[in-house]
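Q: I would like to learn how to read a model of this kind, one feature at a time. Could you take me through the general idea in each case and then show me where it appears?

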Amino acid sequence: MTIKQREEFLARIANRLGRPRRSGVMPPDWMVKPYVHLHAGLNQETLIKQFIENLRALHTEVLRASRGELGKALERIVEDSAARSVVYWNDERLQKIGLDDWLTQRGIAHQVWDVLLDEQELRHRAAGVDMGIAYAELGLSETGTVMLWNGGGRGRLVSLLPPVFVAVISENTIIPRLTEAMAYVRGKMSEGLPACINFITGPSRTGDIEADLAFGVHGPGKVYVILLQEQENIYE
Amino acid sequence: MSGQPITFFGRVEKALGDEQLRKAVPFTQDRLRAGRFQAADELGNIEEWRDLAAQIRAHTLENLDSYLEQLALNVEKNGGYVHFASTAADAVNHVLRIAQEKNARSVVKSKSMVSEEIHLNKHLEAQGLRVIESDLGEYIIQLAKETPSHLIAPAIHKTRAQVAELFSEVAGRALSDETEVLCQFAREELRREFLEADIGISGCNFAVAESGSIVLISNEGNARLTTTLPKVHIAIMGMERLVPTWSELDIVVSMLTRSATGQKISVYMTVMSGPRRRGDIDGPEEFHLIVLDNGRSDILGTAYQEVLKCIRCGACLNVCPVYRHIGGHAYGGVYSGPIGAVLTPLFEGYEEWKELPYSSSLCGACTEVCPVKIPLHDLLIEHRKDEVEQGHVSWQEKFAFKVFGYLTSHPSLYDKAVRTGHVATGWLAKEGVIEKGPGLLAGWTSIRDLPRPAKQSFREWWKQEKEGRGRDN
């Protein structure tokens, strides 16, 4: 594509709009903010509860756990899903909660997303294991969405290829809705965005056969979220 | 393609004879429409959302050259390539050239209306490439050699038995017609294709100018596989499908999923900003964005400009009484329903498509639900005017009654038309009386109020009465 061709394409648009070519336009400050009332006055605990409810409605189990209770939560997921093998992000937040040690002790075959490994081999592994585990950047209360900031050891296939996906997330990072997530992304733009950001809301689903709801046609058919409590269990 | 009749009336006739279609279309419409209305209710201020979404889309169109330029620069900054395609042929040639350069043998696709618009599969296959549609509905109709019958649910016209038959043929063994079995088969079969494909081709729900990103909305996850596994990803976008910044993305995505299915958000929203970065070991190594004009710039600066605000949610299909009767195929073009009736004649001219602007009762339900406030039924009237002025139709009213009369002349259809009328006019009616009727009703209601059609038609009532009496005896 030459610059000339591009300029012709854009000039045609300006011409059709009946004005000279424009460059560097910025959007106006939209005065209407129709989302504000949806979450006005909700405290963090209410946002968390709403996040959990929304995910439950989408057949996704949310396990609230203190850092000390992580093993218990994982045990429950492994039992429920009958997962025997795991691929997971190379992410210090997962290391810090001792995921690696737990998997080793529990005798579950596991593979970290190590970028120094052979790409084909890693892909093959990810396609063959039962479960993928990643650490979510943000959780969106209004929808029950987790946001994954992929890149390097945070491989995007981890949340995509295995039939079961587990997202670990800190309850401090539950935000009201997409609006705050977009602001977060914009705040990171100057550092450069990763090649892929995923917003994931429950299991892969389809209604393409006689509108009959079915899970897991392409992505994981089963999703769990581990919600990490940041202080000792103050709510129960 | 399994031969669709070439005339509008022929296609309508065929649709009316298709029992599965006649059952599936109203069922799908009701399901999606109910979802949309519940989602709108939950927001509590849907009009404010629609106003803002409409303003955002209008602003983007008014400054399209500037935002496209910004988008292109940022995609390149992210390490991707941008190709501007003035025509369908240009876009196809870009894809073919890339495929040739890569020595590609197979292409996996995720649902993209734009690729349907440029008949991409046909051209790729003519070059000996293997093309696989990966959206479950698209995969089904690809195997059946048919075209989508609904924007959001492309295979609603196929029964599970038909799907089982199609899949069994691929499997080489008999599969049962249980949803689980069929989905599991599709997962395994398509997963193999994904892992082997050389190129992934996707559409683009929205591009974000400020970061050079493209956004894909899906529930199945096939769009993620398409854009992650193959070494090369090509995204094709209609040139109007972009937003200035992530702030506007918030609003249009919030409207898109709610209007399409009633979901507050889709299962996957994937935002890609160029090819994999240094240090990534998954994701495509090469990213191409094809920006397609193909008649869109001709619409700019005309009375029809607002149709370019469309975000392809399909809400207008789900409330349309005419779509309800005839389904998507009868419209003949790539886009069906009210949006198709407006778009297709603009893209392809009146000669072959003069009936489309008349295949509407002008009840205005489409305009009422459009999340970006496209005045769809006004644009249909505009078309009718232009058709008369350009001599495609001799006398507007006469032609209107010919088409609409045809659509409602079938006895079985009459029943449905009356019952749908009740639902469709619900938006217009206040306390059971329609004060202001659009379109064909306008002349009538300018001098008198029209009673809202009864919930039960006389024929329904009569049938029920008769059956009731039968039981009593």
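A: Let us begin with chain B, in which there are 22 helices and 13 strands. Please keep in mind throughout that this is a predicted model.

Q: How many residues does chain B have, and what share of them is buried?
A: Chain B has 473 residues, and buried residues make up 63% of them. A residue counts as buried when its relative accessible area is under 20%. As for contacts within chain B, among those with a separation of 6 or more, 74% are between residues 24 or more positions apart.

Q: How do I read burial for a single residue; is B:Gln20, for example, buried or exposed?
A: One takes the relative accessibility and compares it with the cut-off, and because the value for B:Gln20 is 14%, this residue counts as buried. B:Gln20 is placed in helix α2 of chain B, which covers residues 19–43. Once its neighbours within four places in sequence are set aside, B:Gln20 is in contact with B:Ile156, B:His157, B:Lys158 and B:Thr159.

Q: What does the same reading give for B:Gln142?
A: With a relative accessible area of 22%, B:Gln142 is partly exposed. B:Gln142 is found in helix α8 of chain B, residues 136–143, and, leaving aside its neighbours within four places in sequence, it is in contact with B:Asn121, B:Glu125, B:Val131, B:Ile132 and B:Glu133. A distance between C-alpha atoms can be read as well: those of B:Gln142 and B:Leu166, which are 24 residues apart along the chain, are separated by 9.9 Å.

Q: Turning to the two chains, how many residues of each are in contact, and what area is buried between them?
A: The contact involves 105 residues of chain B and 79 residues of chain A. The area buried between the two chains is about 7700 Å², and carbon and sulfur atoms give 56% of that area.

Q: How should I describe a pair of helices across the chains, such as α1 of chain A and α4 of chain B?
A: One looks at the distance between the axes and at the angle at which they cross; for helix α1 (residues 3–16) of chain A and helix α4 (residues 64–77) of chain B, the axes come within 8 Å and cross at roughly 155°. Angles over 145 degrees count as roughly antiparallel, and α1(A) and α4(B) are therefore roughly antiparallel to each other. The residues that make this contact include A:Phe9, A:Leu10 and A:Ile13 from α1(A), and B:Leu68, B:Ala72 and B:Leu73 from α4(B). Taken by class, the residues of the contact divide into 8 nonpolar, no polar and 5 charged.

Q: Why might charged side chains pair at all?
A: Side chains of opposite charge can pair when their charged atoms come close. By the rule used here, the count comes to 40 salt bridges over all chains, and 12 salt bridges are counted between chain B and chain A. One pair between these chains is B:Glu210 with A:Arg186, whose closest N and O atoms are 2.9 Å apart.

Q: Which parts of chain A does the salt bridge of A:Arg21 and A:Glu7 tie together?
A: The side chains of A:Arg21 and A:Glu7 meet in a salt bridge at 2.7 Å, N to O. A:Arg21 lies in the loop between α1 and α2 of chain A and A:Glu7 in helix α1, so the pair ties together parts that are 14 residues apart in sequence. Both partners are partly exposed, A:Arg21 with a relative accessible area of 26% and A:Glu7 with 33%.

Q: Where does the salt bridge of B:Glu69 with A:Arg21 cross between chains?
A: In this salt bridge the closest N and O atoms are 2.8 Å apart, and the pair crosses from B:Glu69 in helix α4 of chain B to A:Arg21 in the loop between α1 and α2 of chain A. At 19% relative accessibility, B:Glu69 counts as buried.

Q: How far apart in sequence are the parts that B:Lys373 and B:Asp51 tie together?
A: The side chains of B:Lys373 and B:Asp51 meet in a salt bridge at 2.7 Å, N to O. Because B:Lys373 lies in the loop between α17 and α18 of chain B and B:Asp51 in helix α3, the parts tied together are 322 residues apart in sequence. B:Lys373, at 30% relative accessibility, counts as partly exposed, and so does B:Asp51, at 35%.

Q: Which residues are joined into one network by salt bridges that share partners?
A: The residues of that network are A:Glu7, A:Arg19, A:Arg21, B:Asp65 and B:Glu69.

Notes:
Residues numbered from 1 in each chain as written. Chains lettered and ligands numbered in written order. Predicted model: local features only at pLDDT ≥ 70, side-chain atom pairs only at ≥ 80, totals over all residues. Heavy atoms only, no water. Helix = DSSP H or I, 4+ residues; strand = E, 2+ residues; numbered from the N terminus. Buried < 20%, exposed > 50% of the residue type's maximum accessible area, 1.4 Å probe, protein only. Contact = heavy atoms within 4.5 Å. Axes fitted to C-alpha atoms, helices over the stretch in contact; angles between N-to-C directions. Parallel < 35°, antiparallel > 145°, perpendicular 65-115°, else oblique. Nonpolar A, V, L, I, M, F, W, Y, C, P; charged D, E, K, R; others polar. Buried area = accessible area lost by both parts, 1.4 Å probe. Salt bridge = Lys/Arg side-chain N within 4 Å of Asp/Glu carboxyl O.
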